[in-house]
Amino acid sequence: MAENWVLTTTAQTPTNIAVIKYWGKRDETLILPVNSSISVTLDPTHLCTTTTVAVSPAFQQDRMWLNGKEISLSGGRYQNCLREIRSRAGDVQDKQKGIKIEKKDWEKLHVHIASYNNFPTAAGLASSAAGFACLVFALAKLMNVKEDLSKLSAIARQGSGSACRSLFGGFVKWIMGKEEDGSDSHAVQLVDEKHWNDLVIIIAVVSSRQKETSSTTGMRESVETSLLLKHRAEEIVPKRIVQMEEAIKNWDFASFAQLTCADSNQFHAVCLDTSPPIFYMNDTSHRIISCVEKWNRTEGSPQVAYTFDAGPNAVLIARDRKTAMQLLQRLLFHFPPNPDTDLNSYVIGDKSILKEAGI
Ligand code: DP6
């Protein structure tokens, strides 16, 4: 076989936002969670990772670049994903290029990986979710891995827990599983992206600065010190998962919003209950919550749900397009974009709304 060939594959994966949060691991190495979680996957044109993977006999070692900068692949998470995918690799043939790779060759061949996020990395916008999902999916395509998406999700999970949910569109559940080897801890699609397409998701970027406490460190400290986390994982979340699945199936926005907001607030309460306490939200985040709560109360039924991950940025889910327009107007009124406010940019799931709102 000639030594000067390169075979490449590119994949694109959107990020996902949890409406019932994952916070806490029962196994740090395999990344097994203390509770199941549910998320919504965003539109792939916004907040996504694009990853190109290449293989060539000329490559001397596995290497990776993130947003153009080389990063180390020595960490356990990358190594676990690479090992799991390699062990499932199949035969690959490209007749045009005259390339034939046999299953056994993959152990010797090295890959180069180039990954780009079109949004701030590690600012609580779930960049690792899109990143590892995309990496695993692209490698699986390159190496002709014949596993279904749920099996691939269990591999992406070993890169970053939330990544397992980004392999599917629509609403996705990460089943925590019971097995010690993690074989039953994977994602399943609850409904596809067409099921509830009235919903509009707006992300108000309060700050794109890198967060101080990573999710991994934060949740480790919560598991070690928060009694509220234990109560949440054992008593609260199992019930919420059932209720959330019902709400999604029945397009029940009132229950959906109530559960989403309550779960976000409880997650941040767990962060406060951690020793030392973790603060992910800031004053602007709190003001957004008050604004939405007041609006929902005035209307008599929820119009908008809010949820915050490990950072101050607000993810706002409007019940329909009309409400999303009103929401944008309210956000612009209360937080006019200027350098003196914290909230000076918006990322939105549907660009045409920005035009209609005159932004
Ligand atoms: C608050 O998946 O980033 O976004 O598994 O350690 O990589 P690791 O953590 P990560 O945590 C995400 C936490 C969260 C909630 C969620 O997405 O469910």
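Two strands are taken to pair if DSSP finds at least two bridges between them. In this predicted model, 4 strands form an open sheet in the order 2-5-12-13. The pairing in this sheet is antiparallel. Strand 2 (16-20) and strand 13 (186-191) stand at the edges. Each has a single partner strand, so one side of each is left without a neighbour in the sheet. Neighbouring strands of this sheet are turned by 35° against each other on average, direction ignored. At one edge, strand 2 pairs with strand 5 (residues 37-41) in the antiparallel sense. This pairing runs over 4 bridges. Isoleucine 20 has isoleucine 38, in strand 5, as its bridge partner.

Another open sheet is made of 5 strands, in the order 1-6-11-7-8. Here the pairing is mixed. The edges are held by strand 1 (7-14) and strand 8 (69-71). Because each of these strands has a single partner strand, one side of each is left without a neighbour in the sheet. From one strand to the next, the twist averages 20°. Strand 1 and strand 6 (residues 48-56) run antiparallel and are joined by 8 bridges. One pair of bridge partners is glutamine 12 and threonine 50, the latter in strand 6.

The chain as a whole holds 9 helices and 17 strands. It has 359 residues, and buried residues make up 43% of them. Contacts often span long stretches of sequence: among those between residues at least 6 apart, 72% join residues at least 24 apart.

The largest nonpolar core has 93 residues. Within this core, Ile85, Ala133, Val136, Ile202 and Leu316 touch the most other members. Helix 2 gives the most to the core, with 12 residues. The contacts of valine 136 were examined further. With neighbours within four places in sequence left aside, valine 136 is in contact with Cys81, Ile85, Leu152, Ile155, Ala156 and Gly159. Ile85 is thus a contact of valine 136 and, like Val136, one of the core residues that touch the most other members.

The ligand is surrounded by 16 residues. Of these, Ala18, Tyr22, Ser160, Gly161 and Ser162 come nearest. Helix 2 (127-142) and helix 4 (215-225) are the elements that give two or more residues to this shell. Helix 2 therefore contributes both to the shell around the ligand and to the largest nonpolar core, where it gives the most residues. By class, the shell has 7 nonpolar, 7 polar and 2 charged residues.

Two further positions were examined for exposure. Glutamine 96 is placed in the loop between strand 9 (92-94) and strand 10 (99-101). This glutamine 96 counts as exposed because it has 6 C-beta neighbours inside 10 Å, and the cut-off for exposed is 12 or fewer. Glutamine 96 lies 48 Å from leucine 316, C-alpha to C-alpha. In sequence, the two are 220 residues apart.

Histidine 231 lies in helix 5 (residues 227-249). It counts as partly exposed because 14 C-beta neighbours are found inside 10 Å, a count between the limits of 12 or fewer for exposed and 20 or more for buried. Histidine 231 and tryptophan 106 are 125 residues apart in sequence. In space, 46 Å separates histidine 231 from tryptophan 106, C-alpha to C-alpha.

Key. Residues numbered from 1 in each chain as written. Predicted model: local features only at pLDDT ≥ 70, side-chain atom pairs only at ≥ 80, totals over all residues. Near = placed C-beta within 6 Å. Nonpolar A, V, L, I, M, F, W, Y, C, P; charged D, E, K, R; others polar. Contact = placed C-beta atoms within 7 Å. Axes fitted to C-alpha atoms, helices over the stretch in contact; angles between N-to-C directions. Core = buried A, V, L, I, M, F, W, Y, C linked by C-beta atoms within 7 Å.
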